[in-house]
Amino acid sequence: MDVVDTHCHAGTSWFEPIETLLACMDNYGVRHALLTQHRGMFDNSYLLECIDRFPGRFSAIAGVDAADPGALATMEELAANPGVCGVRLLPQDRSPGDDPAAIWRKAGEVGLPISVFLVNTAHSADAGFQELILSVPDTVIVLEHLCGMYHPRSPESVVAPYDNYKKALELAARPNTYVKFGGIGEFGQRPGRLVPELRFEDVPPAMEMAYEAFGARRMMWGSDFPPVAGREGYRNSLAGTQDHPVFKTDEEREWAFSRTALEAFRVSGA
């Protein structure tokens, strides 16, 4: 299976250079990666340079400043670049002026999926955000980090009965929505005593609930490189979810680790 990593970061002023990511990909059999622009960076030149330097290995989920009056024109420019497969927005991003949802709607018009930066299920369960997603049915929406089921930043997300998470997963009723998942370390507790085998403690049923809502064909793996190095690491993020019992067949794994990404994003040359 040709694995696609849908969520990794590289940069010069923040995170690691592309060569570090490429080494992980080559070591663990990842064919293509979507370079997801990190929060607060709207200069996408490094990501585009990486695509040119390593043909066929990368696409870019570009950063766009929603508050910029020229953001809609920027979206058109990005859509014209074959290396750009999507854009990244925050759940609270809105356009200035009379149409706050303009940038979200524009993404659909120009064919750019939106990868939504979510590290808190309260954000994805928020009524205003859910209304926004309902208002843009022609825009592909990809919900990062299992809709914000992300323990390091949102410990309340992983406490039963998971009310916010359940509400967030209602977005799966919209056929234009997808969800990214990373390693179990994003929401599972690291054991106090480590053993040679990969194990976690107090693991919420986040993968099972996402599978029930979205199904394998609308789930996609993303390593969250390089922050994943502070959790279980790149290799374990991949292997630990490939072996997850929620995926019942090899076909489901192929969707979750490759085909869903290729279908949802405009991936060129992969």
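The accessible surface of the chain comes to about 11,600 Å², and carbon and sulfur atoms account for 50% of that area. Keep in mind as you look around that this is a predicted model. Beneath the surface, 54% of the chain's 270 residues count as buried.

Next, the overall dimensions. Along its principal axes, the C-alpha trace spans about 55 × 40 × 35 Å. The radius of gyration is 17 Å, which agrees with a compact globule, because a globule of 270 residues would have a value near 18 Å. Contacts add to the picture: among those joining residues at least 6 apart in sequence, 77% link residues at least 24 apart.

Now let's turn to the secondary structure. The chain holds eleven helices and eight strands. How are the eight strands ordered in the sheet? They form an open sheet that reads E1-E2-E3-E4-E5-E6-E7-E8, with parallel pairing. At its edges lie strand E1 (3–8) and strand E8 (219–221), each of which pairs on one side only. If you step from one strand to the next, the twist averages 25 degrees.

For a closer view, pick out strand E2 (residues 30–36) and strand E3 (residues 58–63), which pair in the parallel sense over four bridges. Leu-34 is a good place to pause: its bridge partner in E3 is Ser-59.

From here, move on to a helix that packs on the sheet, H4 (residues 102–110). Helix H4 touches strand E4 (84–89), strand E5 (114–116) and strand E6 (141–143). Compare directions, and you will find that H4 makes an angle of about 135 degrees with E5.

How values were computed
Residues numbered from 1 in each chain as written. Predicted model: local features only at pLDDT ≥ 70, side-chain atom pairs only at ≥ 80, totals over all residues. Heavy atoms only, no water. Pairing = 2+ DSSP bridges. Helix = DSSP H or I, 4+ residues; strand = E, 2+ residues; numbered from the N terminus. Axes fitted to C-alpha atoms, helices over the stretch in contact; angles between N-to-C directions. Contact = heavy atoms within 4.5 Å. Rg over C-alpha atoms; globule rule 2.2 N^0.38 Å. Buried < 20%, exposed > 50% of the residue type's maximum accessible area, 1.4 Å probe, protein only. Areas by Shrake-Rupley, 256 points an atom, 1.4 Å probe, with all protein chains shown as cover.
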